[in-house]
Amino acid sequence: MARVFSGVQPSGSPHIGNYFGAWTRWATEQEAGHFYCIVDLHAITAPHDPAELRERTIDLACWLLAVGLDPERCTLFVQSHVREHTECAWVLDCVATMGELKRMTQFKEKSQGRDSVSVGMFNYPVLQAADILLYHAEEVPVGADQRQHIELSRDIAGRFNQRFGQTFTLPKATFPTSGARIMDLQHVENKMSKSAQSPQGTIDLADTEAATRKKIMRAVTDSGTEIRAAPDKQGVTNLLDLLSAATGSGVPALEAELEGQRYGDFKKTVADAVNERLRPVRERHAELREDPAAVQAMLARGAERARETASATMVDVRAKVGLTG
Ligand code: AQP
């Protein structure tokens, strides 16, 4: 079985893009040798409120448990609890190049329009490489937006191995068949995101069923009538992808099933499917929120387990690089 690592930032309210793009596979494929991480150090690369970050970290852990991650079957932990991540990132910073980091499209997008951009935001793909490489992950289940970062991790690992001898496993990204890139419901050219400008375009896991329905009913479509996936029908294509992710049916089968339906009825079908899928997750999340101390204790145990692997990797890395500590 492949070793797996994947992470999520506690940088905002989690949404259905996170859920369908990454988390559903985390829950269904989890087993020993899988590491799932709340990457809080990534969340401080942009301006943030410390109290909010603390609160969001616990809340995110509750969502991951609610989705079905089982700390007895996999390792769930918080990145900053395992100091080896930052140490490894520094070593990899000395292997990565400015040129390759400058090519990262997510950095270009996220830094656009900001007066000042932190060094952390620029080199966070290197910290992400450290996250993955510390656990010798072979597979990284992510949404399509992360493809370039995982390729960078692979390049950095290969270069390190060439320079210092075989140390790191070369990871590869894996993507879901549907829901790999859920788009914003109002601005369909942008991916759905925690930091989206319009809350109407993003369905948060924490939204009520009524709010979810309202957002889907108001989703941008087009002036046509056909329910089919096509490059000139981005809104409809996105809703079909969402329905496919929520129901497990393929898009061609859905197109055949929905033929002749009006957009309004189609949207109702999508809203019902999404709400149905999220109902048990939302209910379980509300229960877990009642005992934050238990969640914190579970995260401490996860960090202990993660540290065993991460510290063994760093012993090897230090020796390979020539550090005497
Ligand atoms: N719209 C999306 N569709 C499919 N997958 C998505 N993911 C994020 N958005 C979508 C996947 O969710 C996982 C965790 O993402 P993250 O929180 O670590 O970072 P992100 O990709 O930067 O997510 P956001 O929502 O866009 O956050 P902000 O706005 O804070 O940057 C990843 O596997 C990601 O691919």
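In the predicted model, Phe35 is buried, at a relative accessible area of 5%. Tyr135 is likewise assigned to the buried class, with a relative accessibility of 1%. For Phe77 the relative accessibility is 0%, and this residue too counts as buried.

Aromatic contacts were then examined across the model, and nine aromatic pairs were counted under the ring-centre criterion of 6.5 Å. One of these joins Phe35 and Tyr135, whose ring centres are separated by 4.5 Å. The planes of Phe35 and Tyr135 meet at 35°, so the arrangement is classed as tilted; the tilted class applies because the angle is neither under 30 degrees nor over 60. Phe35 belongs to strand 2 (residues 34-38), whereas Tyr135 is located in the loop between helix 7 (119-133) and strand 4 (139-141). The two residues are 100 apart in sequence, and the pair therefore ties together parts of the chain separated by that distance.

Tyr135 also pairs with Phe77, with a centre-to-centre distance of 5.7 Å and an angle of 55° between the planes. The pair of Phe77 and Tyr135 is again tilted. Phe77 is placed in strand 3 (residues 75-78), and its pairing with Tyr135, in the loop between helix 7 and strand 4, links distant parts of the chain that lie 58 residues apart.

Phe35, Phe77 and Tyr135 are joined by Phe5 in one aromatic cluster.

Conventions. Residues numbered from 1 in each chain as written. Predicted model: local features only at pLDDT ≥ 70, side-chain atom pairs only at ≥ 80, totals over all residues. Heavy atoms only, no water. Phe/Tyr/Trp six-rings, centres within 6.5 Å; stacked < 30°, edge-to-face > 60°. Helix = DSSP H or I, 4+ residues; strand = E, 2+ residues; numbered from the N terminus. Buried < 20%, exposed > 50% of the residue type's maximum accessible area, 1.4 Å probe, protein only.
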